[in-house]
Amino acid sequence: MNPPVATPFFFYLLSGTMLIGGILVITRRNAVHSALALIAALLAQAGLYLMLYAPFVAGVQIILYAGGIMVLFLFVIMLVNLERAQKERQFNKQWLVGIAAAGALGGLFITIYTKGKGIFPDHAMPSGLEAQNTQGVGVLLYGQYMFAFEIASLLLLVAIIGAVVMAKKRI
Amino acid sequence: MLHISTLHYMVLSAALFLLGVIGVLTRRNVVIVLMSIELILNAVNLNLVAFSHYWQGIQGPNALHGQVFAIFVITDAAAEAAVGLGILIAFFRNKETVNVDEVNLLKW
């Protein structure tokens, strides 16, 4: 029998951190504050991945997302002078339409989730899920999803060239 | 409310997705729009890993397709963030502003 790791306390703590981080991302005036709130949300999400018995994806999330992408964001925020943008109006002219559209989408989500509540019943989990996780991901990644893996590396090469060309002063 | 099932993770993922959508639609600062897009991608990742955990209860410990998909989404998010920030730098060099309202050179 699996030891109960998915205790409600940790779930609500981590999900509360993620939601507060998300709200801070979209409402802060200072871009650095938003970036730091997003880093907190990403680290809380890595904790949720650990609760879902996915240690490899949690490690990838911390190293790549919080440690790579968000550092890139912070570099660019420091490079681009946002002093003047901080004093201007922060929200669009069509913020009401945006919130109405998001509200419609939220209503759709609520309808679907209340109607389809019984589709995903709980099953008994097998034991030893964390022990074979990285090997299992490796077997899938280099076996069944080998083509997608190669395409992803090609995509990264294209993104590197694109980012260098876009940020150069004279091409 | 006490037993954390797959539905809990789906509701959390939907809430994060909505926050990201509101951020993309209502903010004027391009950097914050890009960060809201990252929030959307993270919500999708959480959904994928939650479903992978659900299928592990049915098919055994090797039903890791959702996690592999999540790894690919993280890779894609990195590529897109790099190119998006490169475009932002190029635009800022020309026009000295980071507001999406002022990206209107093609307006008639």
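Two helices count as roughly parallel when the angle between them is under 35 degrees. In this predicted model, helix α2 (residues 31-51) of chain A and α2(B) pack at about 5 degrees, and they are therefore roughly parallel to each other. This pairing belongs to a contact between chains in which 66 residues of chain B touch 75 residues of chain A.

**Side of chain B that touches chain A**

- The elements of chain B that contribute two or more residues to this side are α1 (6-26), α2 (30-59) and α3 (65-95).
- Helix α3(B) supplies the largest share, with 22 residues.
- The composition of this side by class is 43 nonpolar, 19 polar and four charged residues.

**Packing of α2(A) with α2(B)**

- The axes of α2(A) and α2(B) are 11 Å apart.
- From α2(A), the residues in contact are A:A31, A:S34, A:A35, A:L38, A:L42, A:Q45, A:L48 and A:Y49.
- Their counterparts in α2(B) are B:V31, B:I32, B:M35, B:E38, B:L39, B:N42, B:L46 and B:V49.
- Twelve nonpolar, three polar and one charged residues make up this helix-to-helix contact.

**Helix α5 of chain A**

- Helix α5 (residues 95-115) of chain A has 21 residues, which at 1.5 Å a residue should span 30 Å.
- The C-alpha atoms at the ends of α5(A) are 30 Å apart, in agreement with that expectation.
- A residue is buried if 20 or more other C-beta atoms lie within 10 Å of its own; one of the 21 residues of α5(A) is buried, so this helix lies largely in the open.

Terms used. Residues numbered from 1 in each chain as written. Chains lettered and ligands numbered in written order. Predicted model: local features only at pLDDT ≥ 70, side-chain atom pairs only at ≥ 80, totals over all residues. Contact = placed C-beta atoms within 7 Å. Helix = DSSP H or I, 4+ residues; strand = E, 2+ residues; numbered from the N terminus. Nonpolar A, V, L, I, M, F, W, Y, C, P; charged D, E, K, R; others polar. Expected span 1.5 Å × (residues − 1). Buried ≥ 20, exposed ≤ 12 C-beta atoms within 10 Å, placed from the backbone. Axes fitted to C-alpha atoms, helices over the stretch in contact; angles between N-to-C directions. Parallel < 35°, antiparallel > 145°, perpendicular 65-115°, else oblique.
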